[in-house]
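Hi,

Here is the structure I promised to send over. Have a look at it first, and then read on for what turned up.

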Amino acid sequence: MRIKFTLPVILGLIWALMILPTHSANAQIEDAVKQLTSDNAKGYLQPFVTAFGANMNSGLYHSADISDMGLTIKFDLIAMGTLIGDGEKTYKAVPPLPFDQSAVNTATIFGGTGTVITKTVGADSIEYQFQNGQFKTTLYPLAVPQLTIGDVFGTQAVIRYIPIPEIKDFPKTTLFGIGVRHSVSQYIPVIPVDVAGSVFYQSLKIGDMFTAKSFNIGAQVSKSFAVVTLYGGLQYESSSMDVSYDYSGKYGLLTGTPVKLTMDGDNTFRATIGLGLNLAILHFYADANFGNVTVISGGLGFGL
Amino acid sequence: MKTNLASLFIVLILTGWFLTGCEMTDNPLILDSSISASTWIDIPATPPVVAQIPPTLELDTKALREVTGDNIEKINFYNFTLTADSILTTTGTFSGYITIDDDTLAILSGLSPADIKKEHSIFSEITGVEIRNSGLGTLLHAVKTPPATPLQVKIFMAPETVAPVKFKLILKVYSQIHAKS
């Protein structure tokens, strides 16, 4: 059977790819996190929170060219991934009593195997192992659909929305993001490049356990050469994740104790450089983002 | 045609990215597991002789494995704790020992219920608790290879002072289960 790569087939494939890794990973991640007391959960999850926030704040623009009045309707499918280096793979944790209370380096959710602590008792020894990492990866990905509409008085609206209903073990997931971009170059009579400013807010809720929020404000610049657009920007950003669960471990807290954490992503500023290819109504993008973490982003768009 | 090829190219890149870029590890999930048993310790001021506190308690180490339905790759014991709950006397101290399947696990001397009011590991270096290798070996083996019948735990105690001692003693065994789905 031949598969024709028509638009609906492409959209379906990418949509499925968005969901599948999350589906298989979700139960395992939840089980791992529920074993952690709040102190260790923070260290274990911090790189995940940072990567998640950095991803959400990526891929929001691919040009600074916004006309004063005109029609822009563009649907983008954007994939982004935060690079995971050695620094994101370990954190310092304190083992439970009766083990020595010195902090040791052990695996984060992106790390390898958890550190094993031993203690000699009589002629035997007892050991405790910290939770193992759950992802074996050099980048943590996310993919989102994005709709850009405008242009009204040099302004575009950008919307991200993914509603996924609860399916078996996969929890109900909702991403909503909204932002506006405004042309700055329209106020400057002679300028060889396009300049725009933007502000975005997004929220992502995964079941009852994870709620992530992100905000960014930035400035972009771009220059088009025939079908190619070079773009870049500077962006201040913040992200946070609320993690809520009932502790299922056995030590330090009573099993079933509710744990609520709010963690902030480490990425607060980024510089972006990217390249776009515009073929009539089809657009391709790729960019790199440099801040506390490095994010690469790519995608394709359809529209005017 | 060119558009379809370009679309296919992008889809393949994204497919490769998602399938190879972020896979779950094959590391086992580590799950905490515990079992416990409790009894009232009620020893009068006299006579000050060491006697078994009835009843004999049972610790079924098979139950440690019930936290998961997944394949258990490994199980390790990491703690045994004592907790004095519902302390009804405040001045008395006690001595004695705890056996597991008739092997002595810990010798207790001159402890006050208040010393273990907060959950206390027998492996913490505290005055008044000494570990015995025979009982520890039995416990370690029973956690790794659960016997068909539960471990029989006996508590022998006597008051150290003229004051009576009455509290609920909770014994707890902790392990970690390494499970693979």
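**Salt bridges and a cavity**

Let's start with Arg132(B), which is partly exposed at 31% relative accessibility. Before going further, please keep in mind that this is a predicted model.

Which residue does Arg132(B) pair with? Its side chain meets that of Glu130(B) in a salt bridge, at 3.2 Å from N to O. Glu130(B) is partly exposed too, with a relative accessibility of 42%.

That pair belongs to a longer list: searching the whole structure over all chains gives 7 salt bridges. Two others are worth pulling up on your screen.

One of them joins Glu127(A) to Lys74(B), with 3.1 Å between N and O. This one crosses between chains: Glu127(A) sits in strand E5 of chain A (residues 124-129), while Lys74(B) belongs to strand E4 of chain B (residues 71-85). Are these two buried or exposed? Glu127(A) comes out as partly exposed at 22% relative accessibility; the cut-off for buried is under 20%. Lys74(B) is also partly exposed, at 34%.

The other is within chain B, where the side chains of Lys166(B) and Asp42(B) form a salt bridge at 3.9 Å, N to O. Lys166(B) is in strand E10 (residues 165-180) and Asp42(B) in strand E2 (residues 29-43), so this contact ties together parts of chain B that lie 124 residues apart in sequence. As for accessibility, Lys166(B) has a relative accessible area of 31% and is partly exposed. Asp42(B) is partly exposed as well, at 48%; exposed would take over 50%.

Now for the cavities. How many of 30 Å³ or more does the structure hold? There are 4. I looked at the second largest cavity, which has about 50 Å³ of space in it.

Its lining includes a run from chain A made up of Asn57(A), Ser58(A), Gly59(A), Leu60(A) and Tyr61(A). The rest of the lining is Gln235(A), Arg270(A), Thr272(A), Asp287(A) and Asn289(A). Two strands of chain A, E14 (269-279) and E15 (282-290), supply at least two lining residues each.

What sort of residues line the second largest cavity? They split into 6 polar, 2 charged and 2 nonpolar. Among those lining residues, Arg270(A) and Asp287(A) are the ones to click on for the charged part, and Leu60(A) and Tyr61(A) for the nonpolar part.

Cheers

How values were computed: Residues are numbered from 1 along each chain as its sequence is written. Chains are lettered from A and ligands numbered from 1 in the order in which they are written. This is a predicted model: local features need pLDDT of at least 70, side-chain atom pairs count only at pLDDT 80 or more; totals for chains, interfaces and linings use all residues. Side-chain values use heavy atoms; hydrogens and water are left out. On a 1 Å grid over the protein atoms alone, a cavity is a set of points where a 1.4 Å probe fits but cannot get out, and a pocket is an open set with protein on both sides within 12 Å along at least five of seven lines; lining residues have an atom within 4 Å of a point. Grid points are joined across faces, edges and corners, and a volume is the space filled by probe spheres set on the points. Helices (H or I, at least four residues) and strands (E, at least two) are DSSP runs, numbered from the N terminus. A salt bridge is a side-chain nitrogen of Lys or Arg within 4 Å of a carboxyl oxygen of Asp or Glu. Buried means under 20% relative accessible area, exposed over 50%, partly exposed in between (1.4 Å probe, protein chains only).
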